Amino acid sequence: MSDASAGMLDHAPHFNSAAHEKRAAQMGMWLFLVNEVLLFAGLFTAFFMYRFMYTDTFRYLAFVELDWVMGTVNTGVLLASSFTVVLAVQAARAHKSNQVGLWLLATIGFAGVFLVIKYFEYTHKIHEGLLPGSYFSYDLSESIARVKGDPVKMSHIADANINLNNVGNGAPMFFTLYFFITGLHGIHVLIGMGLLGWMAKRAFNGEFARRNDTPIELSGMYWHLVDLIWIYVYPMLYLL
Amino acid sequence: MSTHTALEEGFPAKHFLNQGTTFKSWATTIDHKRIALMYLVTVLFTFFLGGVFALLLRIELLTPGPGIMDAQSYNRVFSLHGIIMVFLFMIPAVPGVFGNFMLPLMIGAKDVAFPKLNLATYYIYVLGALFAVWGLWNGGVDTGWTFYAPYSTTTATKVVPVLLGAFTVGMSSILTGVNFMTTVHTLRAPGLTWGKLPLFVWAIYGTAAVQVLATPVIGLVTLLVAAEAGFGFGLFDPARGGDPLLMQHLFWFYSHPAVYIMILPAMGVVSEVIATFSRRQVFGYKMLAGSTLGIALVGFFVWGHHLFVSGQSTFNAGVFGVLTMLVGVFTAIKVFNWVLTMYKGAIDFKTPFLYAMGFLYFIIFGGMTGIALAVVSLDIHWHDTYFVVAHFHFVMVGSVVMGFLAALHYWFPKMFGKMYSDRWGLAAALFVFIGFNVTFIPQFLLGNMGMPRRYYQYPEVFRTLNVMSTAGAGLLGFGFAFILIVLVVALIKGKVAGPNPWFSKGYEWNTTSPPDMHNFHEVPVMVDAPHAYEKVPEGTLAAQEAAKTEAEGAHHHV
Amino acid sequence: MNELIESLSWMNDVLFLPPQTSTLAPKIDFLHWQIFIVTMLTFFAITSVIIGLYIKYRRKEDHQVTEVFHPPLWLEGAFIAVPFVLFMAWFTLGFHDFVWSRTPPKDAIDVYVMGKKWMWKYSYPDGPNMIDTLRVPVGRPVRLLITSRDVIHSFFAPTMRVKQDALPGRYTEAWFEATKTGTYPIFCAEYCGLNHSAMIGNIVVMETREYDAWMDDVKRNTYASRIDIGMTEQQATMVTQGAKLALEKGCARCHSIDEANTLLPPTLGPSWVGLYRAERKLADGSTVIADEAYLTRSMMDPMVQLVAGYPPLMPSYQGVLQSGEAAAIAEYIKTLKKDSPTKLGAR
């Protein structure tokens with residue numbers, strides 16, 4: 001064994017050095033993230049397949065029922081949280097454990113804001129009877145009638161080239177996929193918050209002042225992925 | 001390998017089995033060898049459970065009419081059999097047990113890259129298994145292991161816990177894949193280049209890649225079907241605008257590569273066993289390693305051959321048919337190379353070798369019937385008949401179980417330091433082999449006759465062959481019990497095996513049997529390729545290179 | 001070729017294959033025999049090689065050192081080339097037959113097949129509805145338009161070597177031409193629940209004259225005892241049902257059903273008159289024959305094969321049209337010929 005060359009950092013006995021261990025940890029995390037991407041890729045495939053089948057319905061519902069302002073604000077919030085995670089990783093590299101903790105708390109704060117906004121979006125939709133399955137009580141024709149009475153919305157619909165005659169089938173599909181995709185992403189946000197919270201606790205214990213920065217870096221990678229998935233979900237659901 | 005100091009002969013005083021004997025020392029161990037043994041016990045139990053259900057099915061099918069159970073129970077039992085065998089036995093069996101035990105030994109590492117994750121993976125698997133078994137016990141499911149919508153989303157049985165169990169087991173499989181891939185990339189001993197990697201390691205590596213890339217999709221499918229069954233989303237229900245074929249596409253996108261998760265490690269085992277017992281490096285190392293990766297890769301693009309008569313377009317059927325043929329070509333390459341490995345060898349016909357030959361037999365017939373099924377027009381007749389059942393049992397049970405048993409008999413002395421009776425081992429192997437053929441050859445013929453699968457009752461014409469099949473199943477069950485007795489007897493009063501009872505030059509034999517807690521007393525240096533039994537001709541370039549690397553290795557050692 | 005097939009027909013007994021009662025069956029069986037023979041030869045060849053090698057190269061000492069042997073390149077090449085060529089040849093032959101088995105002749109008799117837990121229902125476009133027993137004439141191609149009312153089933157007639165899944169909400173197509181009279185089994189091959197194994201029917205293959213007589217007889221006598229095929233109310237034929245649905249479901253708002261009808265703006269949707277079996281130019285430049293499969297697909301996925309010159313307006317009727325209803329509309333479209341426009345409810 002070449003313990004002497006590994007420096008002062010701790011490492012597990014089956015690795016040669018802390019750098020070796022870090023390389024392995026990063027690779028493991030990358031592989032895990034590949035698997036996460038594929039999980040969502042399956043859902044995106046399903047979404048685009050149904051969007052192709054029911055194009056006008058999907059576009060109409062995205063326009064009428066999804067609040068793009070909330071979606072955009074949430075995108076900004078998540079981008080900001082990614083930035084604070086980067087700062088946490090920077091601090092960890094400089095072995096400033098307390099700073100790491102603070103930046104992580106800021107990240108968790110942003111994540112919390114994201115979930116609160118999501119909560120308002122969800123309650124509004126559940127109130128409208130958009131929860132799919134047996135709770136689904138949405139009256140599409142009433143919605144269309146309402147939109148037809150609103151000249152501003154009608155001009156938007158004309159601009160977007162949505163044919164109201166074709167809006168009909170596929171409404172349950174849209175909301176099933178909406179809730180499934182955002183719900184699964186939301187679960188990932190929650191898991192990320194738990195992970196970052198644990199890291200913050202370790203940071204305030206001063207652990208990253210003397211140890212390597214691998215745990216923070218890995219948590220950061222996970223959080224970036226959660227952010228990245230939203231970057232795809234947001235235009236797919238709200239803007240297309 | 002001349003660079004290695006002599007190993008402790010006989011049974012070592014200290015080894016991984018006796019370093020802590022309390023329950024806690026096992027339950028909290030992060031040693032890959034102990035985790036492998038925990039997997040072994042668990043998968044043997046799930047195999048027993050699945051086997052009992054198989055026997056119940058065969059007994060029911062003795063008579064054309066109702067026999068020992070009603071239709072609903074029959075539908076549940078065949079679902080139980082499939083789900084347990086596929087998700088709880090076959091997928092974790094070879095990677096979980098032999099991958100865990102042998103991978104670090106074969107690359108000269110002290111452990112896998114993430115030992116704690118490894119233990120967690122085992123518990124996640126057990127949790128998923130308990131979840132599934134609990135669901136199966138409480139009402140069960142009657143959908144078959146394929147969970148085709150819209151049947152699975154409208155049935156009254158409890159699909160949700162079973163699906164969540166399958167999801168959890170899938171998560172465990174993904175993490176195992178991540179762990180093994182990272183281990184191969186980062187923990188190879190000095191001198192072990194990619195070109196020298198033992199073929200079992202290549203097989204585990206290919207398997208791990210499939211696990212990471214394919215399993216998330218089945219995870220998603222199980223979640224979607226569970227949500228649909230639980231809340232009635234209607235995603236696969238045509239009455240609400242959904243598409244049932246989407247479910248089949250997503251399902252087979254995972255479940256076909258899953259077949260390769262099962263078969264690739266078994267192929268790796270066979271490569272090792274044939275090399276050891278023929279005393280030759282495998283014939284065409286690069287072709288064998290390459291075809292392993294080829295199967296892993298092409299395996300992702302063949303799922304549509306499960307849907308030849310489902311209503312997909314003729315063009316799609318053609319594309320999936322051609323790609324499926326490529327898997328057949330890769331497999332054929334492997335078979336030829338294995339056979340020719342014996343050429344100019346020094347063959348010793350021991351129990352593991354018999355299992356390897358059994359594997360060849362099953363892969364030839366399983367593979368050729370697979371080719372026949374991919375000839376699209378023939379699939380019209382055979383699709384969803386007993387022919388398909390017999391085909392995938394030849395591949396998934398014949399080949400995979402032969403590979404599993406070959407591994408068990410080959411590495412048993414390494415794992416436990418004891419040797420079983422070769423004569424009894426051979427006898428038990430013959431029972432399994434004969435029992436298997438008597439069970440499944442009649443099923444090929446039943447498929448030819450046109451008997452659809454998952455049939456509770458059947459017309460009188462199918463009776464004779466069904467009775468034969470049931471008789472074979474009894475023989476097969478007896479064979480498995482026989483093996484268990486032989487091995488348990490060996491554990492209790494077998495002879496001491498010594499570090500290398502097969503005189504193998506595989507890397508894993510460079511340590512005591514059973515291995516030390518940390519695998520090796522000193523970091524091994526891989527000078528020769530594994531299984532280098534051949535005489536290096538004097539004066540050749542190869543001989544000079546060998547001398548040079550040997551000198552470097554010796555230097556590194558100091 | 002035919003003689004070769006004849007001379008090998010004893011293979012069917014060896015392989016337990018059921019009698020061949022369709023034009024497809026000999027094609028499939030012939031390929032089956034080829035693959036079986038090659039598999040057996042391969043197996044015996046490999047086994048002999050293994051036994052030979054074992055006899056010649058038995059181990060003499062524990063630590064025996066073996067000779068170096070580098071495989072020649074041509075051998076490795078052969079390991080790849082031989083199986084590749086063989087498998088591709090089989091695939092080509094098989095795919096050729098597969099395409100043939102998916103392409104119904106134009107003069108085929110149409111029968112609508114509907115799977116339902118746990119029975120098969122057949123309806124002849126201008127004739128009777130039947131349960132479980134399908135009657136067809138010998139020597140004439142029969143096209144099956146298959147759907148399901150609940151879960152996925154699979155129509156399987158082993159002696160005809162015909163199988164096709166029945167999907168809810170969609171129509172799939174299969175065809176066969178019976179070559180021998182008699183009664184042959186039909187199974188459901190896709191697991192569909194409790195009585196899956198009892199979902200058994202029969203194909204009765206009749207002499208053409210007998211078949212015509214039977215058809216006339218049922219047409220004359222059995223309208224009153226007509227069995228419902230999944231439509232909600234009593235109806236006379238699928239055509240009148242289709243005509244009614246075309247109005248109810250709003251098809252006729254965009255598709256003209258009368259050549260003289262000038263009330264509709266011509267750009268909204270293509271006219272139904274003379275549509276059946278016409279060659280249609282699609283928006284992507286390809287052409288397609290407007291057969292039943294195309295018509296039903298256009299109801300379910302209208303955008304997939306959009307006709308050139310029309311805007312992508314039509315909504316999908318997936319889930320709106322019940323099983324059997326799409327078939328009824330397709331049957332109605334078939335009656336709308338250019339020269340002899342059928343008036344609504346003429347029958």
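## Close-ups of chains A, B and C

**Figure 1. Chain B, start to finish.** In chain B, 65% of the 558 residues count as buried, where buried means that 20 or more other C-beta atoms lie within 10 Å of the residue's own, exposed means 12 or fewer, and partly exposed is anything in between, with C-beta atoms placed from the backbone. Keep in mind that this is a predicted model: local features need pLDDT of at least 70, side-chain atom pairs count only at pLDDT 80 or more, and totals for chains, interfaces and linings use all residues. Residues are numbered from 1 along each chain as its sequence is written, while chains are lettered from A and ligands numbered from 1 in the order in which they are written. Chain B carries 16 helices and two strands; these are DSSP runs numbered from the N terminus, with helices being H or I over at least four residues and strands being E over at least two. Its C-alpha atoms fill a box of roughly 75 × 50 × 45 Å along the principal axes. The radius of gyration of chain B is 24 Å, which agrees with the value near 24 Å for a compact globule of 558 residues. That radius is taken over C-alpha atoms, and the globule rule is 2.2 Å times the number of residues to the power 0.38. Of the contacts in chain B with a separation of 6 or more, 85% come from residues 24 or more positions apart; a contact here is a pair of residues whose C-beta atoms, placed from the backbone, lie within 7 Å.

**Figure 2. How sure is the predictor about chain B?** The mean pLDDT of chain B is 89, and 95% of its residues reach 70 or more; pLDDT is the predictor's confidence in each residue, from 0 to 100. Over residues 1-5 of chain B the pLDDT is below 50, and this stretch has twelve contacts in the model beyond near neighbours in sequence. Residues 554-558 of chain B also have a pLDDT below 50, with five contacts beyond near neighbours in sequence.

**Figure 3. Chain B meets chain C.** This contact draws on 72 residues from chain B and 75 residues from chain C. On the chain B side, the elements supplying at least two residues each include α3 (71-107), α10 (314-341) and α14 (422-449). The largest share of that side is the 13 residues of α10(B). By type, the chain B side splits into 42 nonpolar, 21 polar and nine charged residues. For that split, Ala, Val, Leu, Ile, Met, Phe, Trp, Tyr, Cys and Pro count as nonpolar, Asp, Glu, Lys and Arg as charged, and the others, Gly among them, as polar.

**Figure 4. Chain A and where it touches chain B.** Chain A has nine helices and zero strands. With a radius of gyration of 23 Å, well over the 18 Å that the globule rule gives for 240 residues, chain A is more spread out than a compact globule. The C-alpha trace of chain A spans about 75 × 35 × 30 Å along its principal axes, and 38% of its 240 residues count as buried. At the junction, 27 residues of chain A are in contact with 30 residues of chain B. The elements of chain A that give two or more residues to this side are α1 (18-53) and α7 (171-204). Helix α1(A) gives the most, with 15 residues. The chain A side is made up of 16 nonpolar, ten polar and one charged residue.

**Figure 5. Inside the largest nonpolar core.** A nonpolar core is a set of buried Ala, Val, Leu, Ile, Met, Phe, Trp, Tyr and Cys residues joined through C-beta atoms within 7 Å. The largest one has 336 residues, and B:A406 and C:V113 have the most contacts inside it. The largest share of this core, 23 residues, belongs to α3(B). Zoom in on B:A406: setting aside neighbours within four places in sequence, its contacts include B:V269, B:V273, B:P352, B:Y355 and B:F359.

**Figure 6. Helices α6 and α8 of chain C.** Eleven of the eleven residues of α8(C) are buried, among them C:E325, C:E331 and C:K334. They pack against β1 (109-116), β5 (141-148), α6 and α7 (292-300) of chain C. In helix α6 (residues 238-248) of chain C, the buried residues include C:M238, C:Q241 and C:L245. Their cover includes β2 (119-123) and α8 (325-335) of chain C. Just after α6(C), C:G250 takes a positive phi of about 85°.

**Figure 7. C:L4 close to the start of the numbering.** C:L4 sits in helix α1 (residues 2-7) of chain C. Why does C:L4 count as exposed? Because C:L4 has 9 C-beta neighbours inside 10 Å. The C-alpha atoms of C:L4 and C:F30 are separated by 9.1 Å, with the two residues 26 apart along the chain.

Note on methods. Two residues are in contact if their C-beta atoms, placed from the backbone, lie within 7 Å.
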